[in-house]
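Please keep the structure open in a viewer and follow the selections in order. Each stop states what to select and what is found there.

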Amino acid sequence: MMLRGLWKLTWIEIKIFLREPLGAFGTIGFPVLAFLVLGRVVGQGRAPSSFAASGFIRVGLPVLASILITISAVLSLVTIISIYREGGILKRLRATPLRPQTILAAHVIVKLILTASTLALMVLAGKRYYPVGVQVPFVSFTIALLISTWSILSIGFLIASIVPTARFAQPIGAIILYPMIAVSGLFAPVASLPPVLGAVARVVPLTYAVSLLEGIWKGDVWSAHAGDVAALVFVFVVCTALSAKVFRWE
């Protein structure tokens, strides 16, 4: 009964999400568009061989687009939860026979499904416009992205638990999440950062997500990134525990 209610609510949330064109574009279209635009800008004027050999094109760009997919999903979650609370929808849902965990789990499942779908579109676009000639373990990479998204979604729940109104939910989420990209090791190795930024990078969850995604994209074995997975799980556990204490249904 609980699983039936979970999947039914998940399907309803997907349909509601797709009815909002701007929200759907921001979560699904924007990361793919960023991937295409950045790929063309970086690759413009390169010879085919150097284009294929470019480290950023082969690894950095797909990982950056994947991180944008994750952040877009998190910001969408923050916004939806805040709107539902402000509109009294969460309160009404809690009054149904569904358990609170089922209601919140449906939102997480929706974002994970959209994350996987957006990644699939990015891969198709990459094969069409940027055939880099490398064998990428897409199944493993998809799992790595879902783990990263699942972990960082817990930060979204924590933000949504604290932010009072929907008007400020997405801007505050963006202010918290987007600066993390700068110190995540995506553009410069964490070891090369100044001491203060290096210390910040080691407590930022995106650092471990980038390390995991880059490693799996390049073909590393999972055991080489056990520490990254453990760090992401730790973030999920801590943020979920904090959210459980401060989450407001109305």
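**Stop 1: Ala-144 and its surroundings**

Select Ala-144 together with Leu-212, Leu-213, Ile-216 and Trp-222: leaving aside residues up to four places away in sequence, these four are what Ala-144 touches. The model on display is a predicted one. Ala-144 itself is found in helix 7, which covers residues 138-162. Its relative accessibility is 0%, and Ala-144 therefore counts as buried. For a reference distance, add Val-210: its C-alpha atom is separated by 9.8 Å from that of Ala-144, although the two positions lie 66 residues apart along the chain.

**Stop 2: helix 7 against helix 10**

Next, display helix 7 with helix 10, residues 205-218. The two axes come within 9 Å and cross at roughly 175 degrees. Angles over 145 degrees count as roughly antiparallel, so helix 7 and helix 10 are roughly antiparallel to each other. On the side of helix 7, the contact is made by Phe-138, Ser-140, Phe-141, Ala-144, Leu-145, Ser-148, Ile-152 and Ile-155. Helix 10 contributes Pro-205, Leu-206, Ala-209, Leu-212, Leu-213, Ile-216 and Trp-217. By class, this contact comprises 13 nonpolar and two polar residues, with no charged residues.

**Stop 3: the aromatic pairs**

How many aromatic pairs does a search of the whole structure find? The search finds three. A pair of aromatic rings is described by the distance of the centres and the angle of the planes.

Select Phe-141 and Trp-217, an edge-to-face pair with 4.8 Å centre to centre and 75 degrees between the planes. This pair links distant parts of the chain, with Phe-141 in helix 7 and Trp-217 in helix 10, 76 residues apart. Both Phe-141 and Trp-217 are buried. Adding Phe-138 to the selection completes a cluster, in which ring pairs link Phe-138, Phe-141 and Trp-217.

Now move to Trp-150 and Phe-236, whose rings form a stacked pair: the centres are 4.0 Å apart and the planes are at 25 degrees. Trp-150 lies in helix 7 and Phe-236 in helix 11, so this pair ties together parts that are 86 residues apart in sequence. Are these two residues buried or partly exposed? Trp-150 counts as partly exposed because its relative accessibility is 27%, and Phe-236 counts as partly exposed at 23%.

**Stop 4: helix 7 against helix 11**

Keep helix 7 and display helix 11, residues 226-246; their axes come within 8 Å and cross at roughly 25 degrees. Helix 7 and helix 11 are therefore roughly parallel to each other, and their crossing is left-handed. From helix 7, select Ile-147, Ser-148, Trp-150, Ser-151, Ser-154, Ile-155, Phe-157, Leu-158 and Ser-161. They meet Leu-232, Val-233, Val-235, Phe-236, Cys-239, Thr-240, Leu-242, Ser-243 and Val-246 in helix 11. The contact of helix 7 with helix 11 has 12 nonpolar residues, six polar residues and no charged residues.

**Stop 5: Ser-76**

Finally, select Ser-76, placed in helix 4, residues 55-86. With a relative accessible area of 8%, Ser-76 is buried. Not counting residues up to four places away in sequence, Ser-76 touches Phe-17, Thr-27 and Lys-111.

Definitions and conventions: Residues are numbered from 1 along each chain as its sequence is written. This is a predicted model: local features need pLDDT of at least 70, side-chain atom pairs count only at pLDDT 80 or more; totals for chains, interfaces and linings use all residues. Side-chain values use heavy atoms; hydrogens and water are left out. Helices (H or I, at least four residues) and strands (E, at least two) are DSSP runs, numbered from the N terminus. Buried means under 20% relative accessible area, exposed over 50%, partly exposed in between (1.4 Å probe, protein chains only). Contact means heavy atoms within 4.5 Å. Axes are lines fitted to C-alpha atoms, for helices over the stretch in contact, and angles run from 0 to 180 degrees between N-to-C directions. Angles under 35 degrees count as roughly parallel, over 145 as roughly antiparallel, 65 to 115 as roughly perpendicular and the rest as oblique. A crossing is left-handed if the near helix is turned anticlockwise from the far one by less than a right angle, and right-handed if clockwise. Ala, Val, Leu, Ile, Met, Phe, Trp, Tyr, Cys and Pro count as nonpolar, Asp, Glu, Lys and Arg as charged, and the others, Gly among them, as polar. Rings of Phe, Tyr and Trp (its six-membered ring) pair if their centres lie within 6.5 Å; planes under 30 degrees apart count as stacked, over 60 as edge-to-face and the rest as tilted.
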